Amino acid sequence: MAGGGLESLAPSDGGASEAAFESARAGMENLARGIEVAPQQLSDLEAIIIPELRPVYDIKDGSFTTLAFDGRATPGHSLWTKLTSEAALKQRIVSALPAIGRIELLWNTNIPYGGTGFVVGRNLLMTNRHVAQIFAEGLGDRNLQFINGRAAGIDFRRDSAPGHVFKILNVRMIHPYWDMAILEVEGLPDNVTPLSLAVADARDLLRQEIVAIGYPAFDNRNPEDVQSDIMRSRFQVKRLQPGMLQGAFDTDSFGKIVNAATHDCSTLGGNSGSALINLATGEVVGLHFAGRYLERNYAVPTGALAKDQRVVDLDLSFNGTASGGPNDWGAWWNKADSATPAEGVNLVDAGGVKQIPGVVTQAPPSGGGGVVVSSGGSVTFEVPLRITVSLGGAPAHEAISESVALEAAKPPAPGGAFVPKSIADYDGYEGYDEKFLSGGTKLAPVVVPMPDAADQSVLAPLKAGGTQLNYQNFSLKMHAKRRLALFTASNVTEESQLREPEKGRNYSRAGLFNERWFPDLRLDDKYQIPNVFYTQDQGAFDKGHIVRRDDVAWGKTFELLLKGNVCSFHVTNCSPQVEGYNRSDSGEKNWGDLENHVLSEAASERLCVFAGPVLADDDRIFAGKGPKGTSLRAPVPRRFWKVVVARVADGLASYGFVLEQDLSDTELEFTVSEEFIGAMYPLSEISEMTGVRFDQSLIDADQYDTVRGTEIAMRAGSRKRKKKG
């Protein structure tokens, strides 16, 4: 899936490129022959990979030769003849091939496969965190689970033909610091021997020869002719890619900057999770996880993993004594350990009664309420005595224990005290902060300007003047005629000290607010669609948050967190949407998870998110209820957009997406399909279709045509819209 970029530069850009090309060529030839490399040659090597000097070998029937499938010699093999001419060296590589496979996604998806994985212990696979998170959720070694409806397996062949797919049964670890995950697979045959993991640090093995073994896919972020030539137009099959380690380099990964190992193998998307094997020892020295076109490729050093006792305790096949510490990421483990388990419990239908899987219950009496699933992982039955079944946060590989406790009715959640009762109650809400991404990192300060309407005349005026409604942690502007937000702007963070600022508090949805929607007192009613429009529509539409409740429920104090949570229930932040469109509490992956994918490529845990409906002239009209028994006819948006802006090591990165909900005739006039069509769009096109103007700095930071953008689109399962022009 996502992974390193093929790095190449054709000598057609003039004299400077020609000089760099020849310098890098000479540098690589010297490296290959063990000759000292000039400083300038090393500099050029960091920025360029020359295809003919970093070949890609075909693998067939568990071996490889210098000949490709079509019978021709593998281009660029001349500097690597020892791979086939030295019997001991070749056998060292061949013996590793059966333990390296392709991660298969076993559900209906537009992603052909997830990446690469390799055996590192008894029935244990190592791959990337960002690969595992296509089908699993959670962090650390507790509270891990498969995403509802998703399954995965591994095929250890997939060369000229597919092989047997071994199902992945469990997720043992999703590392909170490194882009690494450990998966448990069904019983493997005896001929699949775990690969040995080096305890030596790959970051210290400068210019050590290695091979990457994985499944490169065609990658539209790289020049088509270059990759088609070096890959000989064969993609998604097992390949051998030699190269060298190039020392350490800092890169952004999952909300932080990590000091990764680097290498120069010719990798592509699909190589994510590839094993980097030291030719001198046969040990795995790194786990490939990313790359930057015309820059470098990155790997998790196994020597660093050997310093993590949690990893060592999984009984992986380290070759030597793994110290288990000390390391620099203990705080990230603490954060993962204290994280709230994934919200939501998927109930199963048993004789018309919704039950927790594995928990025997009886249907509530006819007059007794029903079943309520809370966001904290509890299930409440009104019978009419309230009985709560709490699901413990046990590791995914252990049985979940249940406990049943009787409790009296709880008092109302504290958030109700912050529902505004007068305009004065809005005092102190500063709204969206354009300098938000300057916090939470030691990188240079940046500014993320809030967007605005290209045509100011469409905006609804506030009673006190102006057009901007500021809430806790977000702001928005309303479209006067459509009575919906033209756009929203929110500050989002995953920083644990802001997500749970005070210990001992109940941070579940039910523990924060007895949820209800209410109007904004600063805005005339004629500019807001009332709550009754949604509650009296016979279930055709869901009151969908444009700004996610969970995104803005944070603060330095519990009171500020409550304010952000409650503010999200203003009807100004509501739009008719299909149920589940943006509900992260439902136990399903949905559009709201775009933020999580973007964080995988970010240098801090903070994001700026802009979102809104696409208010098209041809949106269909829904006839619903208005206030005081009146009727209200409102156009229902069929598309929604979102722009996520992250801090990266070299500045800003912005990502634009559009999600479409299909509207079709029913007895209710309209209903909304549960099938969403998500696509990545250039920010310029989102601006054109919405009338929302983005600052030029965000247009310049658009990742649509970059490695990062392609990575995020693939991980999110979104198609990439063909760019205009």
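The following conversation goes through helix α9 and the parts around it in a predicted model.

Biologist: Which residues of helix α9 are buried?

Modeller: Helix α9 spans residues 330–338, and on one side of it A331 and N334 are exposed. The buried residues lie on the other side of α9, because they cover an arc of only 160 degrees around the axis, which puts them on the same side of the helix. These buried residues are W332, W333, K335 and A336.

Biologist: What do the buried residues of α9 pack against?

Modeller: Two of the partners are strands and two are helices, with residue ranges 136–139 and 165–174 for the β elements, and 309–312 and 496–499 for the α elements. In that order, the buried residues of α9 pack against β5, β8, α8 and α10.

Biologist: In which sense do β5 and β6 pair, parallel or antiparallel?

Modeller: Strand β6 covers residues 142–146 and is joined to β5 over three bridges, and in β6 the bridge partner of E137 is Q145. The two strands form a hairpin with two residues between them, where G140 in the turn has a positive phi of about 95 degrees. The sense of the pairing is antiparallel.

Biologist: How many residues apart in sequence are the parts that D141 and R310 tie together?

Modeller: The side chains of D141 and R310 meet in a salt bridge, with 3.0 Å from N to O. D141 is buried, with a relative accessible area of 18%, whereas R310 counts as partly exposed at 23%. Because D141 lies in the loop between β5 and β6 and R310 lies in helix α8, the pair ties together parts whose separation in sequence is 169 residues.

Biologist: Which residue meets D337 in a salt bridge?

Modeller: D337 lies in helix α9 and its partner in strand β6, so the pair ties together parts that are 195 residues apart in sequence. D337 counts as partly exposed at 24% relative accessibility, and the partner is also partly exposed, with a relative accessible area of 37%. The N to O distance is 3.9 Å, and the residue that meets D337 is R142.

Biologist: Is E605, which meets K335 in a salt bridge, buried or exposed?

Modeller: The side chains of E605 and K335 meet at 1.9 Å, N to O, and the pair ties together parts that are 270 residues apart in sequence, because E605 lies in the loop between α15 and β30 while K335 lies in helix α9. A residue counts as buried when its relative accessible area is under 20%. At 17% relative accessibility, E605 therefore counts as buried.

Key: Residues numbered from 1 in each chain as written. Predicted model: local features only at pLDDT ≥ 70, side-chain atom pairs only at ≥ 80, totals over all residues. Heavy atoms only, no water. Buried < 20%, exposed > 50% of the residue type's maximum accessible area, 1.4 Å probe, protein only. Helix = DSSP H or I, 4+ residues; strand = E, 2+ residues; numbered from the N terminus. Arc of directions from axis to C-beta. Contact = heavy atoms within 4.5 Å. Pairing = 2+ DSSP bridges. Salt bridge = Lys/Arg side-chain N within 4 Å of Asp/Glu carboxyl O.
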